[in-house]
Amino acid sequence: MKILVLNPILFTSTDGSLPKVETIKDTMMYGMCLGLKSLGHEVTLISYDEYRPTRKEMYDFEVLFLKSNGGKFLPNALPVSLELKKYLKIHHQDYDMVLSSEVFAFHSLFAARICPEKTVIWQELTEHQNKFHQLPSKFWHHIVAKFFMQKVKAVVPRSTKAYDFIHQFMPMTTKKVVDHGINVDKFQYSTVKKRQIISSSQLIHRKNVDGIIHIFADFHQQKGYEDIKLLIAGRGEEEMRLKELVSMLGLNDSVEFLGFLPQAKLNEYIRESFCFLVNTRKDLNMVSIPESIVSGTPILTNLQPASAGYIAREHLGIAKDNWGVDELKQMIDNDSLFVDNCIKYRDKLTSKHSSKMLVDIFEERNKNR
């Protein structure tokens, strides 16, 4: 099939501005497009000019960067492109399937109005966006989605939380969940672990790395676990404060800040660690979680990430709010079991597997029309 993928927001920012990147090849949606291509499909990915990388690069499939209309605010919040609307009107007949991200999006609205019989919307959001007291999101879902987007072929949730939210407004939502896929060829796995645990994220308030450090301080006092080190990868505005906290708690010899690492080097640290730690104050889908699982490293997380459900269900670690010393002990004491489960689950997290599930849903809906 010829598949058009609409995903204007290839990456996000924390301060409202878009970072400049040298490549888009490490983005989740680029990996999904590779998955579609590996299945034999002809793929076109559309994003907007604001997400164009700073260096010229060759792609494995067609990538189009279209002009957006909305000034500096909308490209990172609710992007809209009249050029995309025009492109769909002219070229929608050239494609067999259109895969669009999010119901609450102008590009999904355009596809729903111009070629609904070809459109699958892949839903990530699990609740109304908080901007402007949730009013734009509530208006969109109760009015726009209800009256102008009901004829799409399918809405596919990326998590059970996403299903619980979006099926209230889009009755064609499938109960089958399709999570993000990743390019597992980039990630080696290992069953051999060093006496270390790891956290990798932006060092910002939302990620709650300080909470992890406080838990580790108590864990470090436990007999038989004193030699285990905490590795902290990433950079951000809270880096100096976190280092001061580590020093104040007397953990300088047991906590190592790795800074920002290339993906291959980060993967090395992750696959050699007992577990990957997540204690986020507010996050939805964290690509670092499946990357850790395919590296053979189980997850200790709170229930904020949408992936917490399958982590608990498949025993890929522990998912529990307010986890602490006892859960860290369980992760290390049962490490071989968790690691084995992660390696067995590896194939289900590939971009190829997720892509095939999306295509299968589309083709099944076509058979039943």
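1. Start with helix H1, residues 28-38. In this predicted model, the buried residues of H1 are Met29, Tyr30, Gly31, Met32, Cys33, Gly35 and Leu36. The cover over those buried residues includes strands S1, S2, S4 and S5 (119-123), along with helix H13. If you're scrolling along the backbone, look just past the end of H1 too: glycine 40 sits there with a positive phi of about 100°.

2. Next, strand S1, one of the elements that cover H1. S1 spans residues 2-6, and 4 of its 5 residues are buried. S1 has S2 (residues 42-48) as a parallel partner, with 5 bridges between them, and in that pairing isoleucine 3 stands opposite valine 43. S1 also runs parallel to S4 (residues 97-101), this time over 4 bridges. There, leucine 4 stands opposite valine 98. As a reminder for reading the side chains here, those of a regular strand alternate between the two faces of the sheet.

3. Now the enclosed space. How many cavities of 30 Å³ or more does the model hold? The count is 2. The largest has a volume of about 140 Å³. It is lined by 15 residues, and the ones closest to its centre are Asp26, Thr27, Ile182, Asn183 and Lys186. H1 turns up again here: with 4 residues, H1 gives the most to this lining. By class, the lining of the largest cavity splits into 6 nonpolar, 5 polar and 4 charged residues, which is worth having in mind if you plan to look at the void by eye.

4. The second largest cavity holds about 60 Å³ of space. Its lining is made up of Ser199, Ser200, Ser201, Lys207, Ile212, Phe276, Leu277, Val278, Asn279, Thr280 and Met286. Which strands each supply at least two residues of that lining? They are S7 (196-200) and S10 (276-278), and S10 gives the most, with 3 residues. The class split for the second largest cavity is 5 nonpolar, 5 polar and 1 charged.

5. On to an open site. The second largest pocket has a volume of about 300 Å³. Of the 19 residues that line it, Val177, Asp179, Tyr310, Arg313 and Tyr345 are the closest to its centre. Helices H10 (308-313) and H13 (351-367) are the elements that give two or more residues to this lining. So H13 deserves a second look: it lines this pocket and is among the elements that cover the buried residues of H1. The pocket lining divides into 7 nonpolar, 7 polar and 5 charged residues.

6. Two single residues are worth a click. Serine 137 belongs to helix H4 (residues 135-148). Is serine 137 buried or exposed? Its relative accessibility is 1%, so serine 137 counts as buried; the cut-off for buried is under 20%. Leaving out residues up to four places away in sequence, serine 137 touches Phe104, His128 and Gln129. The C-alpha atoms of serine 137 and glutamate 127 are 9.1 Å apart, with the two positions 10 residues apart in sequence numbering.

7. Methionine 58 is the other one, found in the loop between S2 and S3 (62-66). Methionine 58 counts as exposed because its relative accessibility is 70%, and exposed means over 50%. Methionine 58 and phenylalanine 169 are 111 residues apart in sequence, and their C-alpha atoms are 40 Å apart in space.

8. Finally, the overall picture. The secondary structure comes to 13 helices and 12 strands. For a compact globule of 369 residues the radius of gyration would be near 21 Å, and the protein has 21 Å, so the two agree. Along the principal axes, the C-alpha atoms fill a box of roughly 65 × 40 × 40 Å. Buried residues make up 56% of the 369. As for contacts with a separation of 6 or more, 68% of them are between residues 24 or more positions apart.

Terms used
Residues numbered from 1 in each chain as written. Predicted model: local features only at pLDDT ≥ 70, side-chain atom pairs only at ≥ 80, totals over all residues. Heavy atoms only, no water. Buried < 20%, exposed > 50% of the residue type's maximum accessible area, 1.4 Å probe, protein only. Pairing = 2+ DSSP bridges. 1 Å grid on protein atoms, 1.4 Å probe; cavity = no way out; pocket = protein on both sides within 12 Å on 5 of 7 lines; lining within 4 Å. Points joined across faces, edges and corners; volume = space filled by probe spheres on them. Nonpolar A, V, L, I, M, F, W, Y, C, P; charged D, E, K, R; others polar. Rg over C-alpha atoms; globule rule 2.2 N^0.38 Å. Contact = heavy atoms within 4.5 Å.
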